[in-house]
Amino acid sequence: MSLFVKKFGGSLLKTTIDFENIAHYLSVFYQQKHKLVVVVSAPAGLTDTFIKEVQNHHFPKNNEAFNLLLSLGEQKSCALLG
């Protein structure tokens, strides 16, 4: 049994099919009883969308709420991949 760390960037996380393909890819490792650490980025373009929204609403940057908003993309990827 080995430990694998797999990182998937936003360009790989665009569509439902992308998430399904990654899940299938990871399931092969899991079925072989390997340990996995999976790291995902926000889906392609989502972080940029959040930043534009912050600019449009004059939301203060670089504070706790701003950082929380930007982390939502990664949280979305985690939920969809799970």
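**View 1. Leu26 sits in helix 1.** The model shown here and in the views below is predicted. Leu26 is buried, at 9% relative accessible area. Five contacts of Leu26 come from beyond four places in sequence: Lys6, Phe8, Leu36, Val38 and Leu81. Val38 lies twelve residues from Leu26 along the sequence. Their C-alpha atoms are 8.8 Å apart in space.

**View 2. The largest nonpolar core has seven residues.** Its members are Phe8, Leu13, Phe19, Ile22, Leu26, Val40 and Leu81. Helix 1 (residues 16-31) gives the largest share of this core, with three residues. A further core, of six residues, lies apart from it. Leu46, Val54, Leu69 and Leu70 are among the members of that other core.

**View 3. Phe8 is a member of the largest nonpolar core.** Neighbours within four places in sequence are left aside here. Phe8 then contacts Leu13, Ile22, Tyr25 and Leu26, among others. Its contacts also include Val38, Val39, Val40 and Ser41. Of these partners, Leu13, Ile22, Leu26 and Val40 belong to the largest nonpolar core as well.

**View 4. Leu13 lies in the loop between strand 1 (3-8) and helix 1.** Leu13 is buried, with a relative accessible area of 0%. Residues up to four places away in sequence are not counted in what follows. Leu13 touches Phe8, Asp18, Phe19 and Ile22, among others. Its partners also include Val40, Ser41, Pro43, Ala44 and Ser77. Leu3 is ten residues from Leu13 along the chain. The C-alpha atoms of Leu13 and Leu3 are separated by 23 Å.

**View 5. Helix 1 and helix 3 cross at roughly 65°.** Their axes come within 10 Å. The crossing is right-handed. From helix 1, the contact takes in Phe19, Ile22, Ala23 and Leu26. From helix 3, the contact takes in Ser77, Leu80 and Leu81. By class, the contact of helix 1 with helix 3 has six nonpolar residues, one polar residue and no charged ones. Phe19, Ile22, Leu26 and Leu81 also appear in the largest nonpolar core.

**View 6. Ser77 is a buried residue of helix 3.** The relative accessible area of Ser77 is 0%. Residues up to four places away in sequence are again not counted. Ser77 touches Leu13, Phe19 and Val40, among others. Ser41, Ala42 and Pro43 are also partners of Ser77. Ser77 takes part in the contact of helix 3 with helix 1.

**View 7. Helix 2 (residues 46-56) packs with helix 3 (residues 64-81) at an angle of about 155°.** The two axes are 9 Å apart. Angles over 145 degrees count as roughly antiparallel, and helix 2 and helix 3 are therefore roughly antiparallel to each other. Helix 2 passes helix 3 in a right-handed crossing. Helix 2 brings Leu46, Thr47, Phe50, Ile51 and Val54 to the contact. Helix 3 brings Phe66, Leu69, Leu70, Leu72, Gly73 and Lys76. Eight residues of this contact are nonpolar, two are polar and one is charged.

**View 8. Thr49 is a partly exposed residue of helix 2.** The relative accessible area of Thr49 is 43%. Leu70 lies 21 residues from Thr49 along the chain. The C-alpha atoms of Thr49 and Leu70 are separated by 9.6 Å. Leu70 is one of the helix 3 residues that meet helix 2.

**View 9. Lys33 and His34 share the loop between helix 1 and strand 2 (35-40).** Lys33 is exposed, with a relative accessible area of 60%. His34 has a relative accessibility of 19%. Buried means under 20%, so His34 counts as buried. Lys33 has a positive phi of about 70°, although Lys33 is not a glycine. With neighbours within four places in sequence left aside, His34 contacts Met1, Ser2, Phe4 and Phe29.

Notes
Residues numbered from 1 in each chain as written. Predicted model: local features only at pLDDT ≥ 70, side-chain atom pairs only at ≥ 80, totals over all residues. Heavy atoms only, no water. Axes fitted to C-alpha atoms, helices over the stretch in contact; angles between N-to-C directions. Helix = DSSP H or I, 4+ residues; strand = E, 2+ residues; numbered from the N terminus. Parallel < 35°, antiparallel > 145°, perpendicular 65-115°, else oblique. Left-handed = near helix turned anticlockwise from the far one by under 90°. Contact = heavy atoms within 4.5 Å. Nonpolar A, V, L, I, M, F, W, Y, C, P; charged D, E, K, R; others polar. Core = buried A, V, L, I, M, F, W, Y, C linked by side-chain atoms within 4.5 Å. Buried < 20%, exposed > 50% of the residue type's maximum accessible area, 1.4 Å probe, protein only.
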